[in-house]
Amino acid sequence: MGGLNMDELSLPRIFEQARKIHQAASDSSVDQDTVKKGCELLRKCEEMIGKLGLFSLNETKDDISTANLKYILVPYYLGELTEKISEEDRIEILNVSQAKLKEFFSFCEAMELVPKEELESLVQATGKTFADRRAQKISRFKRQKAAESKLLEIRERKERRGRSTRASALSTPVESGEEDIDDDDGEEEREAWLTTISLALCKAFDLLEMLKKEEEMLLAVRERQSKEGNNELAQSILDERAEKAEAWHRDAATRSRFTKPATPITCATFAQDVIEGRAAVSQAHEHKHQPMLFGPASLVAKNPTSERERIAAKVFQPHYRLPTMSIEEAGLKEMEIMNKWQEDTKKFIEEANTSWHTDNRLQRPSEDDDDEDDDAAQDKARAWDDWKDDNPRGAGNKKLTPCG
């Protein structure tokens with residue numbers, strides 16, 4: 001701004017600076033301060049246009065002067081720059097941008113600048129099929145390319161005329177025909193601004209559709225988050241618990257290198273003593289099940305050595321069979337059997353899946369069949385030889401011969 005206050009600048013200068021910022025933002029990425037400054041300039045343009053009363057709804061595009069045509073683009077520029085602002089409440093930005101674009105459409109429709117195809121599509125916005133939308137996009141793309149080509153042609157024509165004018169001014173001064181040149185420049189400028197407005201309409205329709213889709217997605221995400229409730233809070237609690245668990249495991253892994261793990265307790269009685277505090281885990285304990293004896297007291301307490309003492313110790317035994325091992329020992333035995341069974345099963349599965357076992361299994365039946373076929377053929381040949389030995393050739397026809 002060159003250090004000048006915005007109130008001290010004229011409307012053309014403010015619009016020109018805002019248009020340059022919009023052009024820079026469209027061609028490349030600019031910082032947020034520049035975008036916000038451009039929006040501020042365009043709002044100032046809107047305020048000055050309203051105070052000056054440059055446009056009226058009773059007018060058409062033919063009633064607007066060439067110098068004021070460019071100010072029709074102010075809502076479009078403001079809508080595009082507003083969409084590029086990055087803020088936390090994205091939905092509010094989208095609503096403001098869509099409002100400015102709709103304001104631009106309404107004013108262009110009042111000025112009879114909107115094509116008939118776009119007006120018909122606005123009326124039939126709900127019942128359009130995919131083919132209709134595709135045809136509309138193709139038609140809009142063609143109009144956009146035609147407008148860009150026309151603007152390029154006008155710019156080249158203006159540059160050629162400028163070069164010829166400067167060349168003729170250097171050679172001989174032109175006294176007649178200067179008014180015609182000014183009229184041509186005015187018509188070209190009007191045609192250029194009308195073409196720019198047509199191009200802006202094509203881009204604005206595409207931008208509005210994109211903003212509507214983005215708003216629908218953001219509203220769907222917000223609705224889902226509202227239904228889930230305090231999902232973020234629950235997720236933070238779960239993350240905190242996961243961090244604590246990971247820290248505990250890391251510390252345990254570090255401690256395990258310097259501590260010796262305790263041997264597992266296999267006796268239920270000793271485990272109960274440890275739980276109730278009557279014994280310590282570090283105490284040595286080896287549980288051995290001793291069978292209960294109900295014989296004479298003089299023989300039960302000591303280890304019988306002779307057959308007589310063993311028989312005497314078995315007197316008054318219960319009628320049922322006494323256990324030979326404790327529950328803990330039986331559990332360990334079953335675990336050992338199960339581990340062995342799992343290892344054998346794993347080994348059998350690996351052998352069943354190996355190629356050599358499958359090939360041998362497939363080849364064995366064929367080899368057995370060949371052996372059986374060979375034995376049968378050999379037996380048949382032997383039987384035929386025996387029959388030929390017992391029945392010589394022509395033995396049964398001796399009685400039929402003349403000399404028989």
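Colleague: Where in the protein is confidence lowest, and where is it highest?

Modeller: In this predicted model, helix 10 (residues 297–300) is lowest at a mean of 56, and helix 3 (residues 74–83) is highest at 90. These are pLDDT values, the predictor's confidence in each residue from 0 to 100. Where pLDDT is low, the predicted coordinates should not be read in detail. The protein averages 77, and 72% of its residues score at least 70.

Colleague: What makes a stretch a helix or a strand?

Modeller: A helix is a DSSP run of H or I with at least four residues, and a strand is a run of E with at least two, numbered from the N terminus. The protein has 13 helices and 0 strands, so its pattern is written with α alone.

Colleague: How do you know what share of the protein is buried?

Modeller: Buried means under 20% relative accessible area with a 1.4 Å probe, protein chains only. Of the 404 residues, 23% count as buried.

Colleague: Which residue class, nonpolar, polar or charged, leads in the lining of the largest pocket?

Modeller: Asp, Glu, Lys and Arg count as charged, and 14 lining residues belong to that class, beside 10 nonpolar and 4 polar. Helix 7 gives the most to this lining, with 9 residues.

Colleague: What should I keep in mind about the numbers?

Modeller: Residues are numbered from 1 along each chain as its sequence is written, and side-chain values use heavy atoms, without hydrogens or water. Local features need pLDDT of at least 70, side-chain atom pairs count only at 80 or more, and totals for chains, interfaces and linings use all residues.

Technical notes: Buried means under 20% relative accessible area, exposed over 50%, partly exposed in between (1.4 Å probe, protein chains only).
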